[in-house]
Amino acid sequence: MSGIVSVYAVFGSDEEARRIGREMVELGLAACVNILGACHSIYRWQGKVEEAGEVAAIFKATAAAAPELVRRIAVSHSYEVPAAVIWPISDVPDNYRLWIEQNSRR
């Protein structure tokens with residue numbers, strides 16, 4: 001394993017994705033966040049099938065920082081059950097790994 005992960009999360013609005021994304025980078029929990037933009041989600045919530053617009057984002061972080069990153073996203077998130085999951089990355093170029101390690105604490 002590379003020691004680098006992506007954290008995938010969705011937000012209720014572009015403003016929320018940008019606010020939380022910036023907060024996580026400023027805290028040093030993520031080296032970067034790519035806000036991918038609008039997506040359409042279909043999901044089951046409280047016994048009903050719902051549909052909503054959301055904004056997807058991918059955070060780049062070290063594996064060591066990722067659990068705290070996910071926890072902090074959840075604290076800042078507007079959803080009762082926020083989606084924030086860690087995706088392991090098996091291999092990355094050395095210069096990319098070093099950049100993430102230098103900019104994502106732990």
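**Note on the predicted model**

1. Helix H1 (residues 14-26) and helix H2 (residues 66-76) have axes that come within 10 Å of each other and cross at roughly 140°. Here helices are DSSP runs of H or I with at least four residues, strands are DSSP runs of E with at least two, and both are numbered from the N terminus. Axes are lines fitted to C-alpha atoms, for helices over the stretch in contact, and angles run from 0 to 180 degrees between N-to-C directions. The angle makes H1 oblique to H2; under 35 degrees counts as roughly parallel, over 145 as roughly antiparallel, 65 to 115 as roughly perpendicular, and the rest as oblique.

2. This is a predicted model, in which local features need pLDDT of at least 70 and side-chain atom pairs count only at pLDDT 80 or more, while totals for chains, interfaces and linings use all residues. Residues are numbered from 1 along each chain as its sequence is written, and side-chain values use heavy atoms, with hydrogens and water left out.

3. The crossing of H1 and H2 is right-handed (the near helix is turned clockwise from the far one by less than a right angle; anticlockwise would be left-handed). On the H1 side the contact is made by Glu16, Arg19, Ile20, Glu23 and Met24, and on the H2 side by Leu69, Arg72, Ile73 and Ser76. Contact means heavy atoms within 4.5 Å. By class, four of these residues are nonpolar, one is polar and four are charged. Ala, Val, Leu, Ile, Met, Phe, Trp, Tyr, Cys and Pro count as nonpolar, Asp, Glu, Lys and Arg as charged, and the others, Gly among them, as polar.

4. Isoleucine 73, one of the H2 residues in that contact, is buried, with a relative accessible area of 0%. Buried means under 20% relative accessible area, exposed over 50%, and partly exposed in between, with a 1.4 Å probe and protein chains only. Leaving aside neighbours within four places in sequence, isoleucine 73 touches Val7, Phe11, Ile20, Met24, Phe59 and Ala84. Its C-alpha is 6.8 Å from that of isoleucine 20, although the two are 53 residues apart in sequence.

5. Arginine 22 is also placed in helix H1, and at 57% relative accessibility it counts as exposed. Between the C-alpha atoms of arginine 22 and tyrosine 79 there are 18 Å, with 57 residues separating the two along the chain.

6. Isoleucine 100 lies in helix H3 (residues 94-103) and, at 0% relative accessibility, counts as buried. Apart from neighbours within four places in sequence, isoleucine 100 is in contact with Ile4, Ala31, Lys60, Ala61 and Thr62. The C-alpha atoms of isoleucine 100 and lysine 60 are separated by 7.0 Å, with their positions 40 residues apart along the chain.

7. The whole structure has zero disulfides, a disulfide being a pair of cysteine sulfur atoms within 2.5 Å. The sulfur of cysteine 32 is 18 Å from the closest cysteine sulfur, that of cysteine 39, which is too far for a bond. Cysteine 32 is buried, at 19% relative accessible area, whereas cysteine 39 is partly exposed, at 27%.

8. Glycine 53 lies in strand E3 and counts as exposed, at 51% relative accessibility. Excluding neighbours within four places in sequence, glycine 53 is in contact with Gly12 and Cys39. Glycine 53 and alanine 30 are 23 residues apart in sequence and 25 Å apart in space, C-alpha to C-alpha.

9. Glutamine 46 sits in the loop between strand E2 (32-45) and strand E3 (48-62). Its phi is near 50°, a positive value in a residue other than glycine. Most residues other than glycine have a negative phi. Glutamine 46 is exposed, with a relative accessible area of 63%.
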